[in-house]
Amino acid sequence: LLVVPFMMLSAGWISMVEAWMGPQDEQDIVRKVRDPQHQAEMIAGLLYAVLVAPIVEEIVFRGFLLGALERSRGPVLAVVVSGVVFGFFHISDPVTVVPLVAMGICLGWLRIRSESLWPAWVMHIANNAVSLTLVLLEGGA
């Protein structure tokens, strides 16, 4: 259920940034997924973005970082700080930092509330799958 509001936040944020700063460059992963000439790269990019990255990022950000911060600083600060670090981890695409901070906070909240990484994994995988599906549909790939 959190994927839809996050998608709306992301779309709104990117629209505001583009209205203010003009069109932004696509992420490398988006270019690779849209390029029908390089199907092996496309498949590898999809697998990485939909499975590998979410699983590894959840272990690092909601497993290790959030867990350590929660033990030393409490759950609220842990969720906020790990969310901010998660967002800025993606600084190679500065336009997405703000929505990804929000997503990181939501994923942290899910992790704390459920006491499990599974809900965060599922949301992260669903978010990336929906995002890349929309990219593929938009690009005609």
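Reader: Where is the place of Val 56?

Author: Happy to start there. In this predicted model, Val 56 belongs to a helix that covers residues 39-73. That element is helix 3.

Reader: Is Val 56 buried, partly exposed or exposed?

Author: Buried would need a relative accessible area under 20%, and exposed one over 50%. Val 56 has 45%, so the residue counts as partly exposed.

Reader: Which nonpolar surface patch includes Val 56, and about how many Å² does the patch cover?

Author: Val 56 shares the patch with Ile 43, Leu 47, Tyr 48, Leu 51 and Val 52. Ile 55, Ile 59, Val 60 and Phe 64 also help to make this nonpolar surface patch. Its area is about 890 Å².

Reader: Now to the inside: which helix gives the largest share of the largest nonpolar core?

Author: The core has nine residues: Phe 6, Phe 61, Phe 86, Leu 100, Met 103, Leu 107, Leu 110, Ala 120 and Met 123. Helix 5 (97-114) and helix 6 (118-139) each supply at least two of them. The largest share, four residues, comes from helix 5.

Reader: Which residues does Ala 120 touch, leaving aside those up to four places away in sequence?

Author: Ala 120 is itself part of the largest nonpolar core, as are Leu 107 and Leu 110. With those sequence neighbours left out, Ala 120 touches Leu 107, Leu 110 and Glu 58.

Reader: How far apart are the end C-alpha atoms of helix 5?

Author: Helix 5 has 18 residues, and at 1.5 Å a residue they should span 26 Å. The model agrees with that expectation, because the end C-alpha atoms are separated by 25 Å.

Methods. Residues are numbered from 1 along each chain as its sequence is written. This is a predicted model: local features need pLDDT of at least 70, side-chain atom pairs count only at pLDDT 80 or more; totals for chains, interfaces and linings use all residues. Side-chain values use heavy atoms; hydrogens and water are left out. Patches are made of residues with over 30% relative accessible area and no salt bridge: like charges are joined within 9 Å, nonpolar side chains (Val, Leu, Ile, Met, Phe, Trp, Tyr) within 5 Å. Accessible areas come from the Shrake-Rupley method with a 1.4 Å probe; for residues, only the protein chains shown count as cover. A salt bridge is a side-chain nitrogen of Lys or Arg within 4 Å of a carboxyl oxygen of Asp or Glu. Helices (H or I, at least four residues) and strands (E, at least two) are DSSP runs, numbered from the N terminus. Buried means under 20% relative accessible area, exposed over 50%, partly exposed in between (1.4 Å probe, protein chains only). A nonpolar core is a set of buried Ala, Val, Leu, Ile, Met, Phe, Trp, Tyr and Cys residues joined through side-chain atoms within 4.5 Å. Contact means heavy atoms within 4.5 Å. The expected span of a helix is 1.5 Å times one less than its number of residues.
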